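Subject: A structure to look through

Hello,

I am handing over the structure that I have been reading, and I would be glad if you kept it open while you go through the notes below.

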Amino acid sequence: MPRIIPLVLPLSVLLASIMTFGSFSENYELAAMKSSGISLQRCLRTLVIFICFLSIVAFMFANNVIPYAEYKFMSFRRNIAQVKPALAIAEGQFNTVGIYNIKVNKKTGEKGNFLTGVTIHKKSLMGDGNKTVIKAKTGELISDESSNLLQLVLKDGYYYEDVTPNKYEDREKMPFVKSSFKRDIINIDLSKLNTAAVEEDDDDDNKGMLDVSELSYTIDSLAKSKATETKSFSENINQRVTNPLTSSTTPTNDTVKKAKKINPSDPLAIFTDDEKATVYKNALANTQSTILSIDGTLSDLNLKQKNINSHKFVIYEKFVIAYACFLMFFIGAPLGAIIRKGGIGLPIVFAVLIFITFHFINTFGKRVSQEDGLTPFMGAWIASILLTPLAILLTYRAINDIGIINMDRIAEPFQKLVKKLFPSKN
């Protein structure tokens, strides 16, 4: 529920302000107030104070309540996995639990911990598919609330495992190992259940459980870790590149003596053709090794930077929630006064269109900033920055009693053109 509040609150402010001021304008209440000397600015004054207060509450909610709710949610998942682990396994379908895909035909017992017709596919650690299959007639789930370990006790079953021979010609025979057992125990780490992604964009860290101060501390630690790794790698690469005797083989004394006599203008002149071939071979091997090392480290550093960006985005997002309430009010209230329509019809259409635009731009900025295409600040604030001029324009037009579009000004050039083409006979 707390996750939905940042999404619903700005939309609620927008819709409420459009409906309220649209109704005022439609029933000529704004006109009555203006004729009594009460300007639109004065009408908005108390509501602006309320929206400022609401924005502060929204920030405090995003900074304190949502992280606490995330923590309680993960703790609740962990408690469910420990008290009733059978909930993680549905009947008649494969369920992924860590490195195991488990399917059961039927669950019985008070907690559903007695299983019938168990089929397990064990994922290969090499990432080349499921090579191990375990089938058992019955099984039992045993867990302890004080432990993260879940025991799956299997009875009367068979164990199958594909074997990959070292010789390529033997692989076509597709050999496998088969064994039977009366009782077998499989230990499953419940932390695999607890870290299961609730959403596709969930990371392995717990940044959603942190407030602004904790996020700032985490970002500082991540930045220092990245800087240390970058410095260490650059020093290592510099030593490998600047050492003239670095090669895949240990240099001999003769090679060392020749290296001291190298002429900078023609460094390979003192070597024979075979020695030149060896030098080229070693240079190519070192270059390829260095490139692979650089590529691997760059990939790792990019992942670290993405992690830092995602933490920064969470910080800015907490402030965006507060500003979004303020922004949506100054879009909705003037827009309602201009369109002069209250109730549930046209105001809802305008509110949904504006908020979908805001949400789409905000989601786009989040994705791009996480991929390091935009700074986290711009990614979080781009939607607010783009819609702020709209709020200023609508407020200005509402205060000065100007419609959204002046149809007379748009139609005037066409009227003049028609008069020139078809002049009046009078």
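The notes that follow go from the chain as a whole to two of its helices and then to a set of paired strands.

Please keep in mind from the start that this is a predicted model. The protein chain has 10 helices and six strands, and of its 426 residues, 29% are buried, where buried means under 20% relative accessible area. Its accessible surface comes to about 27,100 Å², and carbon and sulfur atoms account for 59% of that area. If you look at the contacts in the chain with a separation of 6 or more, 66% of them are between residues 24 or more positions apart.

Helix α1 covers residues 5–26, and because a helix of 22 residues at 1.5 Å a residue should span 32 Å, the 31 Å between its end C-alpha atoms agrees with what is expected. Which residues of α1 are buried? They are Pro10, Val13, Leu14, Ser17, Ile18, Phe21, Gly22 and Ser25. Seen down the axis of α1, these buried residues fall within an arc of 140°, so they line one face of the helix. The spacing in such a list is easier to follow once you recall that an α-helix has 3.6 residues a turn, so residues three or four places apart point the same way. After α1 comes tyrosine 28, whose phi is positive, near 60°.

Helix α9, which runs over residues 376–399, has 24 residues and reaches 35 Å from its first C-alpha to its last, close to the 34 Å expected at 1.5 Å a residue. Where does α9 bend? The bend is at isoleucine 382 and amounts to about 50°. Aspartate 401, which follows α9, has a positive phi, near 55°.

Turning to the strands, β1 (residues 95–97) pairs with β2 (residues 100–108) in the antiparallel sense over three bridges, and here valine 97 stands opposite tyrosine 100 in β2. Strand β2 also pairs with β3 (residues 114–123), again in the antiparallel sense, over eight bridges, with threonine 108 standing opposite phenylalanine 114 in β3. Together β2 and β3 form a hairpin with five residues between them, and glycine 109 in the turn has a positive phi of about 95°. As you trace these strands, it may help to remember that in a regular strand the side chains alternate between the two faces of the sheet.

With best wishes

How values were computed. Residues numbered from 1 in each chain as written. Predicted model: local features only at pLDDT ≥ 70, side-chain atom pairs only at ≥ 80, totals over all residues. Heavy atoms only, no water. Helix = DSSP H or I, 4+ residues; strand = E, 2+ residues; numbered from the N terminus. Expected span 1.5 Å × (residues − 1). Bend = angle between axes of the 7 residues up to and from the residue. Buried < 20%, exposed > 50% of the residue type's maximum accessible area, 1.4 Å probe, protein only. Arc of directions from axis to C-beta. Contact = heavy atoms within 4.5 Å. Areas by Shrake-Rupley, 256 points an atom, 1.4 Å probe, with all protein chains shown as cover. Pairing = 2+ DSSP bridges.
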